[in-house]
Amino acid sequence: MIDELVGVLLDVDGTLLTEGGAIPGAGAIVDRLRHRGFPFRIVTNITRRSRASVVERLQAGGVHVRPEEVFTAVYAGAAWMHRRSIRRVAPFVSDDALPDLAAFDLVGGTATPGQPAAATPDAVLIGDVGDRWTHALLNEAFRYVMDGAELVALQSGRYWLGPTGLEVDAGAYVAALEYASGRTATVCGKPNEEFFGAVVESLAGAGDPEELDRSRVAMVGDDLAADIGGAQGAGLQGWLVRTGKYRDDVLASSEISPDRVLGSVADLC
């Protein structure tokens, strides 16, 4: 099945791992890809963790990866802001993710809880802070945006499979800020085409990324919109797994049609 491809991108939550541990066979698949010398990358919209923390969690679950093989939405957001010379950032992310934003002047938000920035930041960066979301925190972000800050979303997921079942994801808070402010957020992680392009470029290695046939690169994940729709919109294939937050009814009612549907990542090769 995988022999038709020139590269594969693997989602984390719901695809390689769940809150209960690794998906059966996930570690073996990654080991098999590495043994074969088959190009792969780990591509995740997790915003509650730094890249180092994501790697640590994967390793603990028996999925052996290197930091340079992992692309996160937090890194994508940092890269986007660097390219636009943004310096002062109000982060609304978990404490664990803050180290990946150390190059910026972090003000307000979750960087200084309860102490809003004295001056309007250049950007408001929205991730998933889970139970820390309060009306006051959301309103702080809203006021910065109304005062002229860029609205930057690390991801726009609707829900994910958390420790207690399906949980509302960061996209709901992004949508609330867009609705209240009348501004449209820039989404830096999946399904952003620029994000997928950066990952494909890394797969090309020393070669020309333009010569890598995107139609032979597959994104494997459990999210129809971010993983499958995002990949297809970037010219890649989207392979859906029936693990994580997968639901038959959601697939049946969706306009997105996966290129393949797998029982789990263990069926990849």
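Here's a walk through the sheet, two helices that lie against it, and the cysteines. Keep in mind that you're looking at a predicted model.

Let's begin with the sheet. It's an open one built from 6 strands, and if you read across it the order goes 5-4-1-13-14-15, with the strands paired in parallel. So what's up with the edges? Strand 5 (70–72) and strand 15 (260–262) sit there, and each has a single partner strand, so one side of each has no neighbour in the sheet. The sheet also twists as you cross it, by an average of 25 degrees from one strand to the next.

Now zoom in on one of the pairings. Strand 1 (residues 7–10) runs parallel to strand 13 (residues 217–221), and 4 bridges join the two. To find your place there, look for Gly7, which stands opposite Val217 in strand 13.

Next come the helices. Helix 3 (residues 73–83) packs on the sheet, where it touches strand 4 (40–44) and strand 5. The direction of helix 3 makes about 65 degrees with that of strand 5. Helix 6 (residues 193–204) packs on the sheet too, touching strand 1, strand 4, strand 5 and strand 13. Compare the direction of helix 6 with that of strand 4 and you get about 160 degrees.

Last stop: the cysteines. How many disulfides are there? The count comes to 0, with a disulfide taken as a pair of cysteine sulfur atoms within 2.5 Å. As for where cysteines sit, Cys188 counts as buried because its relative accessibility is 5%, and buried means under 20%. Cys269, with a relative accessible area of 28%, is partly exposed.

Definitions and conventions
Residues numbered from 1 in each chain as written. Predicted model: local features only at pLDDT ≥ 70, side-chain atom pairs only at ≥ 80, totals over all residues. Heavy atoms only, no water. Pairing = 2+ DSSP bridges. Axes fitted to C-alpha atoms, helices over the stretch in contact; angles between N-to-C directions. Contact = heavy atoms within 4.5 Å. Buried < 20%, exposed > 50% of the residue type's maximum accessible area, 1.4 Å probe, protein only.
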